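User: I should like to go through this structure by question and answer, with the reasoning set out at each step.

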Amino acid sequence: MANLAITYQHIADILSFESSNTELEMTLSDPKFDWDNIVVEGSKHLVLPAIYCRLKSKKILHLLPDELNSYLKEITSLNRNRNLAIIEQVHLLTALFNTHNINHVFLKGAALLAGNFYEDIAERMIGDIDILIDEAQLDQAFKLLKKNGYFPIEQTLGHDFFEHKHLPRLRTNNNICAVELHKKLFVSFQDKELKNYNVRALKQIKKSINIPKLKHLLRHNILNFQINDRGQLYHSISFRSAYDSILLLRASNFEALTSKDKLLRNYMNIVGLFFKDIKSLEPKTNFTTKFYMFKLKHIKFYKFWNRLLNIGYFLQIALGRLLYFFSNSSYRKAVLKDKKRIFRHFKSVFKNS
């Protein structure tokens, strides 16, 4: 893949509500069009079902090779069924929490499904169900789920010694998704608008399901990628996040994002490289965006640069934990007991970065 920027632009044009259908049809009908790159990158960005649904909405599915059409149709159908099961699980969780007066708000993918932001619910790929809980009721909610068939997934030793934004993930044999109960949205990053109380106090209810208000949904979607998924570190794009942001902006007539916050502006500048949908927000071209495009056009350098960033990020965390290792005897004993797994993790970071 010599030029990732071209592939990214094709994906953006497929997902976009503002790209020219005529130009897109001409591009995709080219016999030399590389569908393999679309599948590879679309899979990495968790947007293959969204790509299929948008091609269907634009009425240009006929341009897909027959085998690829069948493949994407099957993936999309499976994801649709999965999301229907997730929605059912969300309703069950809502009923359970409401019965026990647990103050809660569904986040991220589950909230977006409940908010009916997609033309087809199959568009969004979801991992876990994330729920923000009143901190005073966090333990109560955790125990309540355990009493109702959920069990915690085994955690690494870090959960015993370092702060996390959510409790251990809970699974169940009766439902499709794991559940994460959040006490906050970020580990150390502070955002006044997205504090636990604010999100819960200003929540909206869609089909009996509590979800954040539109502005909070958008802000969390952006900052979750920038902070939790390290988008700000890599100055990169996530097409799943970008597509969610565009849908939320369209739902608010582009009025939900007024902040001049640097993290939000950096995010929009990167998204604006590929999507015309946010032109009203005046994304700007600067050194960061130019450097990102340079990296996408030079794949070997792109991989080398991201490897350096990944190793640097890991070493920063490792240094902090090394200091803690020498200062905390309990942590030191836990590390020595778990040393084989930790060494494997070190090797994988330097091998796969």
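Analyst: Buried here means under 20% relative accessible area. The coordinates belong to a predicted model.

User: Which residues of helix α4 are buried?
Analyst: Helix α4 spans residues 48–57 and is mostly covered, with 8 of its 10 residues buried. The cover over these residues includes α1 (4–15), α2 (21–28), α3 (35–44), α5 and α12 (239–251). The buried residues of α4 are Leu48, Pro49, Ala50, Ile51, Tyr52, Cys53, Arg54 and Leu55.

User: Which residue with a positive phi follows α4?
Analyst: The phi in question is near 60°. The residue that follows α4 with this positive phi is lysine 59.

User: Which helix gives the largest share of the largest nonpolar core?
Analyst: The largest nonpolar core has 94 residues, and those with the most contacts inside it are Ile129, Leu181, Ile237 and Phe275. The largest share of this core is 8 residues, and they come from helix α5 (residues 66–99).

User: With which residues is isoleucine 237 in contact, leaving aside its neighbours within four places in sequence?
Analyst: Ile237 is among the residues with the most contacts inside the largest nonpolar core. With its neighbours within four places in sequence set aside, isoleucine 237 contacts Tyr8, His45, Phe225, Ala242, Ile270, Val271, Phe274, Phe275 and Tyr292.

User: Is asparagine 210 buried or exposed?
Analyst: Asparagine 210 is found in strand β7 (residues 209–211). Apart from neighbours within four places in sequence, asparagine 210 contacts His104, Val105, Phe106, Lys203, Gln204 and Ile205. Its relative accessible area is 8%, and since the cut-off for buried is under 20%, asparagine 210 is buried.

User: Which backbone oxygen does the side chain of asparagine 210 reach?
Analyst: Histidine 104 is one of the residues in contact with asparagine 210. At 3.1 Å, the side chain of asparagine 210 reaches the backbone oxygen of histidine 104.

User: Why does leucine 323 count as exposed?
Analyst: Leucine 323 lies in helix α15 (residues 299–327). A nonpolar surface patch of about 440 Å² is made by Leu319, Leu322, Leu323 and Phe326. Exposed requires over 50% relative accessible area, so leucine 323 qualifies with its value of 57%.

User: How many residues apart are arginine 200 and aspartate 134?
Analyst: The count of salt bridges comes to 12. In one of them, arginine 200 pairs with aspartate 134, with the closest N and O atoms 3.8 Å apart, and both residues are buried. The pair links distant parts of the chain: arginine 200 is in helix α9 (residues 196–201) and aspartate 134 in the loop between β2 (129–133) and α7 (138–147), 66 residues apart.

User: Which residue of the salt bridge between arginine 169 and glutamate 180 counts as buried?
Analyst: The closest N and O atoms of this pair are 3.5 Å apart. Arginine 169 is partly exposed, because its relative accessible area is 24%. At 10% relative accessibility, the residue that counts as buried is glutamate 180.

User: Which residues are linked with Arg219 and Asp261 in a network of salt bridges?
Analyst: The side chains of aspartate 261 and arginine 219 meet in a salt bridge at 3.8 Å, N to O. Aspartate 261 lies in the loop between α12 and α13 (262–271), and arginine 219 in helix α10 (residues 214–228), 42 residues apart. Aspartate 261 is partly exposed at 23%, whereas arginine 219 counts as buried at 7%. Linked with these two in the network are Asp191, Glu193 and Lys215.

Note on methods: Residues are numbered from 1 along each chain as its sequence is written. This is a predicted model: local features need pLDDT of at least 70, side-chain atom pairs count only at pLDDT 80 or more; totals for chains, interfaces and linings use all residues. Side-chain values use heavy atoms; hydrogens and water are left out. A nonpolar core is a set of buried Ala, Val, Leu, Ile, Met, Phe, Trp, Tyr and Cys residues joined through side-chain atoms within 4.5 Å. Buried means under 20% relative accessible area, exposed over 50%, partly exposed in between (1.4 Å probe, protein chains only). Helices (H or I, at least four residues) and strands (E, at least two) are DSSP runs, numbered from the N terminus. Contact means heavy atoms within 4.5 Å. A polar contact is a pair of N or O atoms within 3.5 Å; within protein, one must be able to donate a hydrogen and the other to accept it, and residues adjacent in sequence count only if both atoms are side-chain atoms. Patches are made of residues with over 30% relative accessible area and no salt bridge: like charges are joined within 9 Å, nonpolar side chains (Val, Leu, Ile, Met, Phe, Trp, Tyr) within 5 Å. Accessible areas come from the Shrake-Rupley method with a 1.4 Å probe; for residues, only the protein chains shown count as cover. A salt bridge is a side-chain nitrogen of Lys or Arg within 4 Å of a carboxyl oxygen of Asp or Glu.
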